[in-house]
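Open the model in your viewer and keep the selection tool ready. This tour goes stop by stop.

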Amino acid sequence: MIQLSSPEETTEEEIEIPKRDDIREDLISKLKDDLGESLVATEIIAEVDVWARVTKEAWLETAQVLLTRYNMKYFNFLSAIDWLPSPFGRDMDAQVDQPEPVTPEEMTWGTTGGETRFQLLARVHDPENHLGISLKVDLEDTDLSIESWSSIYPGADWHEREVSEMFGITFLNHPNPVKLYLPGDFEGYPMRKDFALLARRIKPWPGIVDVEDMPGEESEEDEVDA
Amino acid sequence: MRKIKLPGLIKGLGVTFKTLVRTLTKGSHTVQYPRVKESPPPRARGVIALHEENCTACMLCARECPDWCIYIEGHKYKAPPRRPGGKPRKKNALDRFDIDFSLCMFCGICVDVCPFEALFWTPEYEYSELKIADLLHDKTLLSQWMETVPDFEDYEAGSEAKKLTVPR
Amino acid sequence: MSDTADTKQMAYIAAQAADARVNLEIETEGMTLNIGPQHPATHGTLRIVVRLDGEQVISADPLMGYMHRGYEKLTEVRTYPQVTTLVNRIDWLGSFANEVPFILAAEQLMEVEAPPRAQWIRTALFEMSRIANVVLFLGDMGVQLGAVTPVFFAFRDREFILNQIEAVTGGRFHPNFDRIGGLKDDLPKGWIDETRGVLKRIRNFCDEIETLVVGNEIFQSRTRNIGVIPADIGLSYGLSGANIRSSGVDWDIRRDGGVGLVHNELDWKVWTHPDGDSFARFWVRLQEVRESCTMIEQILDGIPSGPVMAKVPRIIKVPAGEAYVETENPLGVMGYYVISKGDLTPFRVKIRSASFNNVSITPWLLKGVYVPDVISILASLYFILGDIDR
Amino acid sequence: MSVVLADLAYWQETTIRLLVGLIAVLLPAGTLVYLFLFKMMSFMQSRLGPMEAGPYGSLQLLAEVGKFLQKEDILPKAADRLIFKLAPFVVLISTFLLILVIPAGPDLWFIDVDTGIFLGLAVSSISVIGILMAGWASSSKYSLLGALRATGQLIAYELPMVLAVVGVIIQAGTLNVQEIVMAQATGEIFGFGGIGNPYVITQFVGFLIFLIAVQAELTQPPFDMPVAESELVTGYLTEYSGLRFLMFFIGEFATAAIFSALAATLFLGGWYVPGLEPTDNLFNVIGPIVLLGKMLLVAFFIFWFRFTYPRFREDQLQQLAWKVLIPLSLVNIVITGVLKVVF
């Protein structure tokens, strides 16, 4: 349960006694029994949230299990994450002057780790005991397709359509696999990190410091810049 | 629920009739705009005013603006020393300070981040233009808005915030 | 239309004929009607393609994206303080409430907490934005059903709430007032007393709406048993807010685990209605406005003194991590899944907006209803286009 | 009017009749729009309404007409051009014909036929044809739906309206409108003749049914499904613009005025006010004013309902007509007939 406790308090107490979150621990241990090997990684932030990463094959089963055995009746959202570091940096430092892509950083993953560029992210909730869980699943670049949840959670229908058009992930057995927001003939997947945000690239950033130096004087970087 | 005596249809007629009478006797809630004007509260974000003397062309506002709608150009010059015999001070002079109000989202981040108290909000709102290009307010125009900047309000009891003053 | 679709449709008509509603001998031809994108009922640019048999809906397919602004993409190139200006514009009627979950998510990652005074004022503004939003719904529902007057009442009294929000934040629609670690500013002098007067007006407005709309027999006959959503189906579609509470689900994030807001220190009630129809949704929202008034009154009495801003660095860099924070916004549950990599900008923000889920039930809900009920059901689900399209 | 016109040539007489007819249609319609649509509606919604054109916005209507005249006359590409253009005239014709039967004084009438009320109710149905033409010719789905709804609705409500009037006819014993007014002016209620016998008292049920039916005939809320702007944009008017829309607009409000006048004539005593002899020549002067006043009173109710109620659904509307209003008016007729025989 998400308690009315501030993160700050949580950390302070964490330093004193490592906090245990029995409800969430319980959920994870039960899930381990139910899903077995399919549960790849889990993470709990005590009294805040819980994450679980499952294998792609168990994606549909996970939903089924959560709905039927854990009363996770409430479908919260389904989305995807592209872990590729943006090749365009923050799109801020005068991209027009620097059209070459920034040297790509190493790909790093967040909570519960990961192995592939694309991860699916979903969240379901138990409306009676007020317990939610975020789920993740890795998707290989070579096979960006996964079973659709819409047979279990009808609400996943639109979310999957959105993910599919924004990230280029295919959902198998989806009842209506057409684009949701974008026009039908749109090409490309806008939410991927390598899809350039044009609005930030057609105009120079006005924040470049171009206070001209006095003639005959060396530039002293940003002396008044706070 | 309490017992309803009259049918709701008739009670509903009463509500509209009551409003009719109230409007006729006590006047309407609307104002006849160009003749009567409502005054927005002092904090209202109408248009941004520039206190030019305080601006050092530090570019902070232009960098923090989410819409990239502030354009600043400046140059450096040597100001005469404060005390006789001292070193001449190096200062930034403001050549251009434009805010494009056709792009501005009125978020107020520029006013917040300004470390030198050079930018202020004024509740003035009557500056619509026929051409969108005219919404680009330059240094002179922005400085004129300075006259309309109201004083900061006092704070409610229990506040520990410090009341600022507007440089005039 | 393709052959399969026609076969499907004929099968559907045959199923309906069993209900003795459609006479197959006449062989009526269906009609496709575009409700929207430019239509008075969609208050925005939602387009619903309905297939009609006479005035009965065979299938309804909402199409959107006419106003998609790509906020999830835009957040990736904006610093954390800049994001709040964006999220203001998601649900533009209750914009302050949009900032709160995002700020709370960022605070959770940064492990800072707003001082108590900031939390109380935040809650007050949060509830005021709920009033500003839902009051318009209460009026708008009347307009969708043909009564012109309630919406003017709504605009009239909403004005006062907006004035109060503007007096604190400086913005009527887009306050951009919430900051990581607190609030931008404190309350101006005299605001608390003025707000009490405004709340009285809002209660008065609720009474007027109760007599004018809720008590009206025509309104009741138009909304009772129309668009009934059973609790389980509503939950599986991810409906939230008053839409799910009117189906009898007693679940309100403000009470059941709200972070960073002080609802749990106030005395209030979560309203539910067992029916799950359009009338229930209207009724629950009406009660919620009154409940919000009660909450704000309590807050005005009990605002603690102190600073409104915690100590946060001037340049905000959020530590790496992931956080999902949701709040009970006027339209329903709004959540932000923020992934940070320790940078100035978020790495990815998933915006879980309430209306998107709320409207996703329409293809299921609109089957078999009449055209006028399409309008009343859509109005009672209450969506804001910016909240669907983001 | 008949007195004045007696010595004139036919063309002169016709011109005068036309002019007076125009005034009789447009003036009350304009008054209704200004008083109720512009002002009363605004006051009911805590605002002032138009204030700029003329004192208190009284010339706003002229400004609106000027605006409509300037607008482009848009014809949808797929429209049935002739019928599309003709439809507003058909609606207007119905309105102009309807005014003929209403007398405004003992000697002020356009036509004095023995079946006046019958004629009036008959010509009022012509507008249905105009609406159906508009909806069909627009080749727009919204228009078509609106027109079909309008047709169903107008036919359904014609019946209770006629049946409500039957009660009056039975009581007055005549179909002649002028004689109905006279019967009310000279009538007595249980021996008390001080205020005549306005049938609103003895035929109260009939009056209510008539008002509801008029509301539906005028497609005003709560019966405005044919133009339901939140569902069908504006129903059969969707594709019309400029002058043609203006004609529909005039038709709508002129019909509202005339139906109110008809209700005032049938139930409120028409041009007669108690205290004077009904044959008094004075009524030829004050009659129109009295009628206008009574008409405004009825119209006030019609518009009051309009600004307060939400609309029914189409099937609920039909149920109200067939299951409630028609049986009720039949009962009313039976009771009226019985009482007429008894007393």
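The stops below run from the chains to the domains, and then to the strands.

**Before you start.** This is a predicted model: local features need pLDDT of at least 70, side-chain atom pairs count only at pLDDT 80 or more, and totals for chains, interfaces and linings use all residues. Residues are numbered from 1 along each chain as its sequence is written, while chains are lettered from A and ligands numbered from 1 in the order in which they are written.

**Stop 1: the chains.** Colour by chain. Five pairs of chains touch, and the pair with the most contacts is A and C. A contact here means two residues whose C-beta atoms, placed from the backbone, lie within 7 Å. Now show chains A and D: these do not touch, and their nearest C-alpha atoms are 24 Å apart.

**Stop 2: two domains.** Isolate chain C. Select 3-63 for domain 1 and 71-389 for domain 2; the bounds come from an automatic or database domain assignment. Over C-alpha atoms, the centres of these two domains of chain C are 33 Å apart. Their contact takes 14 residues from domain 1 of chain C and 15 residues from domain 2 of chain C.

Which strand gives the largest share of the domain 1 side of chain C? Strand S3(C) does, with six residues. Strands are DSSP runs (E, at least two residues) and helices likewise (H or I, at least four), numbered from the N terminus. By class, this side of domain 1 of chain C has eight nonpolar, four polar and two charged residues. Nonpolar covers Ala, Val, Leu, Ile, Met, Phe, Trp, Tyr, Cys and Pro; charged covers Asp, Glu, Lys and Arg; the others, Gly among them, are polar.

**Stop 3: the hairpin.** Select 47-53 and 56-63 of chain C: these are S2 and S3, antiparallel and joined by seven bridges. Strands count as paired if DSSP finds at least two bridges between them. C:Val50 sits opposite C:Ala60 of S3(C). Two residues lie between the strands, and C:Gly54 has a positive phi near 65 degrees.

**Stop 4: the open sheet.** Move on to S6, S7 and S8 of chain C, which form an antiparallel open sheet in the order S6-S7-S8. S6 (321-329) and S8 (348-352) of chain C each have a single partner strand, so one side of each lacks a neighbour in the sheet. S7 (332-340) of chain C is joined to S8(C) by five bridges. Pick C:Tyr337: its bridge partner in S8(C) is C:Lys350.
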